[in-house]
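Got your viewer open? Let's take a short walk through this fold, one selection at a time.

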Amino acid sequence: MKKTIAFLMALLFVFCAAALAEDPADGALYAGIEPWGNPLTVTLTSKDALSGVWSQNFGGDLFTQAFENAQDGFLMEGPLGDSDAITCRYTGTMALDGDALTVTFSDGEMTEASTEGGSTSYHVAALDETQRTVTLVPAVQGNYSGVTTLDAAGVEAFAAWARQLYLNEDWDAIAQLIDYPIIMVPDVEIKDADAFVAFMADKTVAESDMEAMAAENCVGMMSNDQGICLGSGELWLRDIAFDGVEQVGEPTLRIVAVNGLAD
């Protein structure tokens with residue numbers, strides 16, 4: 001599956017590069033976070049007809065499909081994954097508003113069927129009106145080569161997942177993504193997941209930090225020798241198998257800092 005995803009990503013970026021080479025006015029890449037917190041990108045190969053390629057990442061698995069004449073409505077559907085069967089089907093419209101691309105879902109669903117049986121359906125129509133419209137902004141592809149050999153798509157998918165967990169204040173799930181020990185303000189060393197969950201039991205996130213993370217689109221994030229920064233530093237990620245010079249094991253992203261807790 002990973003090879004298939006890598007191949008699809010390669011095709012997508014080759015397609016984008018070719019479009020940009022042919023006509024600088026087209027081939028524009030937009031990015032944002034869709035209603036369930038998953039990262040998505042849209043590459044317009046024709047702005048006049050609003051045609052191009054839609055790419056969406058579900059927990060690291062990529063779904064890509066071409067579309068045409070999306071200003072008159074679009075329909076996206078297709079399977080994704082090999083262990084879990086995920087079917088996506090969206091309908092809606094797209095519109096260019098200045099530099100941003102607005103995607104409005106009028107109806108649709110995502111159904112995830114687990115290997116153990118059963119399924120869960122999510123309906124766009126059941127979301128709040130504000131959640132049905134996603135604004136995608138021009139994307140700058142991230143370069144994380146100084147901190148990991150994992151490709152940008154993999155880094156940004158993990159970041160979007162961690163971001164959504166933070167916004168949900170899902171500390172149980174966050175606890176499983178942390179590289180321990182971790183130091184929490186005020187200078188408290190947390191040694192394992194159970195200790196982290198216990199520490200966070202009476203904690204909330206400051207409003208300003210929630211706003212900073214809500215505004216984070218997990219595309220082209222800042223990175224340095226400390227890792228990869230989300231928001232204004234609410235979360236920091238690091239590849240714990242990268243020694244600062246080379247990859248010394250399978251790329252493994254982990255959370256190494258959790259900030260922004262209310263006093």
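Which strands does helix 3 lie across? Keep in mind that you're looking at a predicted model. Select residues 152-167, which make up helix 3, and you'll find strand 13, strand 14 and strand 15 beneath your selection's path: helix 3 lies across them. Against strand 15, helix 3 runs at about 40°.

Next, colour the sheet. Four strands form it, in the order 12-13-14-15, with antiparallel pairing, and the sheet is open. Its edges are strand 12 (223-224) and strand 15 (253-258), each pairing on one side only. Now zoom in on residues 227-230 and 235-239: these are strand 13 and strand 14, an antiparallel pair joined over three bridges. Pick I228 and look across to strand 14, where L237 stands opposite.

Now go to helix 6, residues 207-215. Which of its residues are buried? They are D209, M210 and M213. Look down the axis of helix 6: these buried residues fall within an arc of 105°, so they line one face. They pack against helix 3, strand 13 and strand 14. Turn to the other side of helix 6 and you'll see E207, E211 and A215, which are exposed.

Last stop: select T148, in the loop between strand 9 (133-138) and helix 3. Is T148 buried or exposed? Its relative accessible area is 3%, which is under the 20% cut-off, so T148 counts as buried. Show what's around T148: beyond its neighbours within four places in sequence, it is in contact with V155, D239, F242, Q247 and P251. The side chain of T148 also reaches the backbone nitrogen of L150, at 3.0 Å.

How values were computed: Residues are numbered from 1 along each chain as its sequence is written. This is a predicted model: local features need pLDDT of at least 70, side-chain atom pairs count only at pLDDT 80 or more; totals for chains, interfaces and linings use all residues. Side-chain values use heavy atoms; hydrogens and water are left out. Two strands pair if DSSP finds at least two bridges between them. Helices (H or I, at least four residues) and strands (E, at least two) are DSSP runs, numbered from the N terminus. Contact means heavy atoms within 4.5 Å. Axes are lines fitted to C-alpha atoms, for helices over the stretch in contact, and angles run from 0 to 180 degrees between N-to-C directions. Buried means under 20% relative accessible area, exposed over 50%, partly exposed in between (1.4 Å probe, protein chains only). A polar contact is a pair of N or O atoms within 3.5 Å; within protein, one must be able to donate a hydrogen and the other to accept it, and residues adjacent in sequence count only if both atoms are side-chain atoms. The arc is that of the directions from the helix axis to the C-beta atoms.
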